[in-house]
Amino acid sequence: MKTQLIKHSLLSAAVLIGGASMAFGQFAATGTTQVSVAVAAESAISITTSTTSLTEASGAGIFGAPFTGTTNFSYKVRTTKVGGAGTITVKITSDFAAGGPSVATPPTGDAMTYACTTAASATPCVGPVTASTGGATSVATFATDAHSAAGTGSSDAGTVVWTLPNDPIYKTGTYTATATFTISAT
Amino acid sequence: MVRFGARSGSLALAILAGFLTAPVGVEAVTANLSNTLDAHIDALGELSVPASSSLTHSGTLFNAFTGTVTVQYLARTTAAGGGNITMQVTQDFQTGGPSVVSGDLTYVCGTAGLGTACGSSTASTSTATSVVTLPTSACTGGGSPCSATNPNTVIVTFSLADRPVVKTGSFTANIQFTISAT
């Protein structure tokens, strides 16, 4: 009986020691770990022209040319390998002040429009597209398995070229509007 | 027969008493034996790493994926020796995914429980890169002059570039850690 108790105690101690050792894992001269990563669709945009001035072409004559300006942007995108898609859109989130041009309620024929360029990773809008305060309008679209430029820190570039008719009805002054760009990818 | 038996009994008692008590005046003999115990303790290093580690990030701004691997190790170096822990990517991420060969995977080491931890390094598939350098006369556990903890640990934080050109999906790579001590 006593012998059995001693054997049982020794067995328990062995189990405890074994358990403690297992908590530290297997020690050896080498060890291998597997690192895994799940890469999902992603997109990001940066507006590189923080303020775009719309100016009348010099020498265009009196009311001879619209105000134009270019907003440059860069973007990174990755769409899903199968069935993915994406967009870049723009919305006028703050209209010009009263007395000046208007995106929401422009005088007849005075709608602000834009045209687009992008890198090969996207399909740019076909201008002229009428800007809107009521909803986002397309700047570019991405197909499935679309990727912007390779390389850490690299990105693709695009432009939006704005056109604002030069209507004599506008009062003189400086007017500003805010255009908000949004990129998305699935 | 009876008397013979009585004498025999007395003799037996006398012999028994001789065994049980040390008679006064009998000199004890003590044997002193010497034996040399020669423990040959070699330099040694062993380590343990988790089977897997996930690299993750939050947001959609192409921030790097990050993750950590805790390396536990035991080491003993000689007065004239030293040692190190190194790592090497033995299997790169799959085609279309991140690329160790392209330099996508970098790492930095936290404070080493024993030895000197690496700074910022780029992981490699072709060469082993440093994680911890062990000094001479280093030993794990038990307190001074050895380390206070047993096992020793060092946390390796990985950073994996999130390049747009990488396709969506799950990708894995294998990293082998090796310890050596002399």
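**Strands, cores and the chain contact**

Biologist: Which residue in E9(A) stands opposite A:Thr123?

Modeller: This is a predicted model, in which local features need pLDDT of at least 70 and side-chain atom pairs count only at pLDDT 80 or more, while totals for chains, interfaces and linings use all residues. Residues are numbered from 1 along each chain as its sequence is written, with chains lettered from A and ligands numbered from 1 in the order in which they are written. E7(A) and strand E9 (residues 137-142) of chain A pair in the antiparallel sense over two bridges; strands pair if DSSP finds at least two bridges between them. Opposite A:Thr123 in E9(A) stands A:Thr141.

Biologist: Which are the edge strands of the open sheet in chain A?

Modeller: Four strands of chain A form this open sheet, with antiparallel pairing, in the order E7-E9-E5-E11. An edge strand here pairs on one side only. The edge strands are E7 (123-124) and E11 (178-185) of chain A.

Biologist: How many strands does chain B have?

Modeller: Helices (H or I, at least four residues) and strands (E, at least two) are DSSP runs, numbered from the N terminus. In chain B, the one helix stands at the start of the order α-β-β-β-β-β-β-β-β-β-β. The number of strands in chain B is 10.

Biologist: Which strand of chain B gives the most to the side that touches chain A?

Modeller: The contact (C-beta atoms, placed from the backbone, within 7 Å) takes 43 residues from chain B and 32 residues from chain A. On the chain B side, E1 (44-48), E2 (52-55), E3 (65-76), E9 (152-160) and E10 (169-181) each supply at least two residues. The most, 11 residues, comes from E10(B).

Biologist: What is the bridge partner of A:Val37 in E10(B)?

Modeller: E10(B) pairs with strand E1 (residues 30-39) of chain A in the antiparallel sense over 10 bridges. Within E10(B), the partner of A:Val37 is B:Phe171.

Biologist: Which residues have the most contacts inside the largest nonpolar core?

Modeller: A nonpolar core is a set of Ala, Val, Leu, Ile, Met, Phe, Trp, Tyr and Cys residues joined through C-beta atoms within 7 Å, each buried (20 or more other C-beta atoms within 10 Å of its own, placed from the backbone). The largest core has 40 residues, and E1 of chain A is among the strands that each supply at least two of them. Not counting residues up to four places away in sequence, B:Val131 touches several residues, including B:Ile85, B:Cys109 and B:Phe177. The residues with the most contacts inside this core are B:Val71 and B:Val131.

Conventions. Two residues are in contact if their C-beta atoms, placed from the backbone, lie within 7 Å. A residue is buried if 20 or more other C-beta atoms lie within 10 Å of its own, exposed if 12 or fewer, and partly exposed in between; C-beta atoms are placed from the backbone.
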